[in-house]
Amino acid sequence: MRLFLDEAGNTGGIIDKNEKLNYGTQRHFCLAAVVAHDLQSEQLLRQKYAAFKSRFASEKELKGNSLFAKENNDALEYFLDNIIDDIHFSICLYDKKFYLASLLLFAILGEQAREQFPVEYYSLVSDLSQEKDELFATFCKLTKRATKASVHDLFEYLKTYSYQHIPPAGNGLVFAVSEIQNKGLEEIFVSDFLKFGSYSNQKFANLINLNALSELLEVIEIEHNCDTRKIDIVHDNISGIDKMLSEELKHFDVAVKFIDSQAEELIQLADNVASIFCKIINTIVRCWDTKTEWSPENEWILTQSARFLQKIGTQNIKFTVPIQSWALAFCVKDMFAPKYSKKMRNNLFFNSEYQHWCQVIIQNIAESDFSRHAACFDELYSSGGGEP
């Protein structure tokens, strides 16, 4: 087996030099893998993609952003009909604020809380990720090089922050922080904040790339019953980051080869998939945020989004996003499918669909086994990775 990977959605750290969130309009990060199970499978993928490029690409490399546009509908139709399937692709999707909310709760509540109360934990992360950027920028600033004083300042900030999406009675984060302070345990959390989101190379912090890559490899390993230490993994060059990723993955005996996408067509294909799906999820969230989901101008892109989700198979997508966004993607897949009546595309039918998928997702979370993640964290940090 060989994997060819590429990313979309502002690679690198989430915080800029001015200590503000730097993702702009690209709140989501997507890592896509083209999965070639054997040599015959790889050759077939290459032939299909070469035929596509020869017909539609005027340049050596066709970017997914331009492909997923109404003016390129013919190329997109061909791409969805002849290349995308539910066998040769795997995706890991991250919401960047959800990632930071996860780091914050993980450092304060610990792995045990997620294992024992997965639904409550995931729900709190989902709600916390809806808060303003200021909260997460402050968290990153005060824990980048955590000290006793900065951890104390962070705890005080978290207690006094005006939460808009978490009711005071159900704010487990504030309750935990208050309990920690009441028991005089602030000091022991300094090292925890230094672990998560930090790496052996101190120039980097809060890189979503490593989390997405690790999680995608884990999913592929489970789904295909393979050992990622024994397969070829080829990734597009990431200037300034590739060496750090290789160093961190050494702890798990996983080797990744980084090459220029122009030299490898299947990395270009991975880029198309990553870029398309990143644009899809950004569009879906934007439509509901702006309450324009039923507007005629969004019908084409949401219909094509549904086609993509149906073709690639949602079972091949690792959603690391708020429950709200996760459920919206499934609603689009169903409500913009060809057989779904346009007359039923309204809030009345949407509300029941949305509630259904929220319940399905919550059940999925409740049945998830997080012990494997705990073992990975133990191995990484006991070997010295992640320590500054």
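This briefing describes the confidence, the sheet, one pocket and one cavity of a protein structure. The structure is a predicted model, and the mean pLDDT of its protein chain is 86. Its features include an open sheet of six strands, a second largest pocket of about 490 Å³ and a cavity of about 30 Å³.

**Confidence of the model**

- A pLDDT of 70 or more is reached by 86% of the residues in the chain.
- Residues 376-388 have a pLDDT below 50. In the model, this stretch nevertheless has 29 contacts beyond near neighbours in sequence.

**The sheet**

- Strands of a sheet pair through backbone hydrogen bonds, and the pairing may be parallel or antiparallel.
- In this structure, the six strands of the open sheet follow the order E5-E4-E1-E2-E3-E6, and their pairing is mixed.
- Strand E5 (257-259) and strand E6 (317-320) are the edge strands, each of which pairs on one side only.
- On average, neighbouring strands of the sheet are turned by 20° against each other, with direction ignored.
- Strand E3 (residues 89-95) and E6 run parallel and are joined by four bridges. Within this part of the sheet, Tyr94 has Thr320 of E6 as its bridge partner.
- Helix H10 (residues 208-223) packs on the sheet. The strands that H10 touches are E1 (2-8), E2 (28-36), E3, E4 (232-236) and E6. The direction of H10 makes about 145° with that of E3.

**The second largest pocket**

- The second largest pocket has a volume of about 490 Å³. The pocket is lined by 18 residues, of which Val285, Arg286, Asp289, Ser325 and Leu328 are the closest to its centre.
- Three helices each supply at least two residues of this lining: H12 (265-289), H14 (323-335) and H15 (347-366).
- Helix H12 gives the largest share of the lining, with six residues.
- By class, eight residues of the lining are polar, six are nonpolar and four are charged.

**The cavity**

- One cavity of 30 Å³ or more is found when the whole structure is searched. The volume of the largest cavity is about 30 Å³.
- The largest cavity is lined by Ser41, Leu44, Leu45, Lys48, Asp85 and His88.
- The lining of the largest cavity comprises two nonpolar, two polar and two charged residues.

How values were computed: Residues numbered from 1 in each chain as written. Predicted model: local features only at pLDDT ≥ 70, side-chain atom pairs only at ≥ 80, totals over all residues. Heavy atoms only, no water. 1 Å grid on protein atoms, 1.4 Å probe; cavity = no way out; pocket = protein on both sides within 12 Å on 5 of 7 lines; lining within 4 Å. Points joined across faces, edges and corners; volume = space filled by probe spheres on them. Nonpolar A, V, L, I, M, F, W, Y, C, P; charged D, E, K, R; others polar. Pairing = 2+ DSSP bridges. Axes fitted to C-alpha atoms, helices over the stretch in contact; angles between N-to-C directions. Contact = heavy atoms within 4.5 Å. pLDDT = per-residue confidence, 0-100.
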